[in-house]
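Trainee: I would like to go through this structure and ask how each label is justified.
Mentor: Go ahead, and we will set each value against its definition.

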Amino acid sequence: MFHFANKLRDKSRGLLTFDETFELFSKGIMPTESYWDHVKGYHKASLEHPENVVLLTYEDMKIDTMNTVKRLARYLCYPFKELLNFGVSRV
């Protein structure tokens, strides 16, 4: 967000510092729209159209990595299969 915000910023106003960017981001103020409104929009879309939008969170990945990856694989139409030992010998 830091680089994106500065890229869109009017150069006559100078560059935002990282701290300024973080403060604006924390308040939901960004050059295009509120970041939180952006996330809420995707959350709503993922609930209304789960076949078209998948919403992944860092927290879900930390809590249940395997099932989150399986959900992503299903969404991408590459079903995740448990790795099994098929008796392949090493060469």
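Mentor: Start with a definition: a helix is a DSSP run of H or I with at least four residues, and a strand is a run of E with at least two. Keep in mind that this is a predicted model.

Trainee: By that definition, how many helices and strands does the protein chain have?
Mentor: The secondary structure comes to five helices and zero strands. Along the sequence the pattern reads α-α-α-α-α.

Trainee: How much of the protein chain counts as buried?
Mentor: Of the 91 residues, 14% are buried. The cut-off for that word is a relative accessible area under 20%. The accessible surface of the chain is about 8000 Å², and carbon and sulfur atoms hold 61% of it.

Trainee: Which residues of helix α5 are buried?
Mentor: In α5, residues 65-75, they are T68, K70 and A73. Part of what covers the buried residues of α5 is α4, residues 58-63. Just after α5, C77 has a positive phi of about 65°.

Trainee: L72 is in α5 too. Why is L72 called partly exposed?
Mentor: The relative accessibility of L72 is 28%. Partly exposed covers the range between under 20% and over 50%, so L72, at 28%, belongs there.

Trainee: What does L72 touch, leaving out residues up to four places away in sequence?
Mentor: L72 touches V54 and L56. L72 and L56 are 16 residues apart along the chain, and their C-alpha atoms are separated by 8.2 Å. A contact is judged on heavy atoms within 4.5 Å, so the C-alpha separation of 8.2 Å does not rule it out.

Trainee: What makes E23 and K27 a salt bridge?
Mentor: The N to O value for their side chains is 3.8 Å. The definition asks for a side-chain nitrogen of Lys or Arg within 4 Å of a carboxyl oxygen of Asp or Glu, so this pair qualifies. Side chains of opposite charge can pair when their charged atoms come close.

Trainee: Why is K27 called exposed and E23 partly exposed?
Mentor: K27 has a relative accessibility of 57%, and exposed means over 50%. E23 has 43%, so E23 falls in the partly exposed range.

Trainee: How many salt bridges does the structure hold?
Mentor: Three. One of them joins D37 and K40, with the closest N and O atoms 3.6 Å apart. K44 and E48 also meet in a salt bridge, at 3.8 Å, N to O.

Trainee: Where do D37 and K40 lie?
Mentor: Both are in helix α3, residues 35-48, three residues apart, which is about one turn. K44 and E48 are four residues apart in α3, again about one helical turn. An α-helix has 3.6 residues a turn, so residues three or four places apart point the same way.

Trainee: How do D37 and K40 rate for exposure?
Mentor: D37, at 44%, is partly exposed, whereas K40, at 54%, is exposed.

Trainee: How much space lies in the largest pocket?
Mentor: About 160 Å³. The elements giving two or more residues to its lining are α3 and α5. The lining includes H43, S46, R71 and Y75.

Trainee: How do the lining residues of the largest pocket divide?
Mentor: There are five nonpolar, three polar and two charged. Asp and Arg count as charged, so D60 and R71 are the charged pair in that lining.

Technical notes: Residues numbered from 1 in each chain as written. Predicted model: local features only at pLDDT ≥ 70, side-chain atom pairs only at ≥ 80, totals over all residues. Heavy atoms only, no water. Buried < 20%, exposed > 50% of the residue type's maximum accessible area, 1.4 Å probe, protein only. Areas by Shrake-Rupley, 256 points an atom, 1.4 Å probe, with all protein chains shown as cover. 1 Å grid on protein atoms, 1.4 Å probe; cavity = no way out; pocket = protein on both sides within 12 Å on 5 of 7 lines; lining within 4 Å. Points joined across faces, edges and corners; volume = space filled by probe spheres on them.
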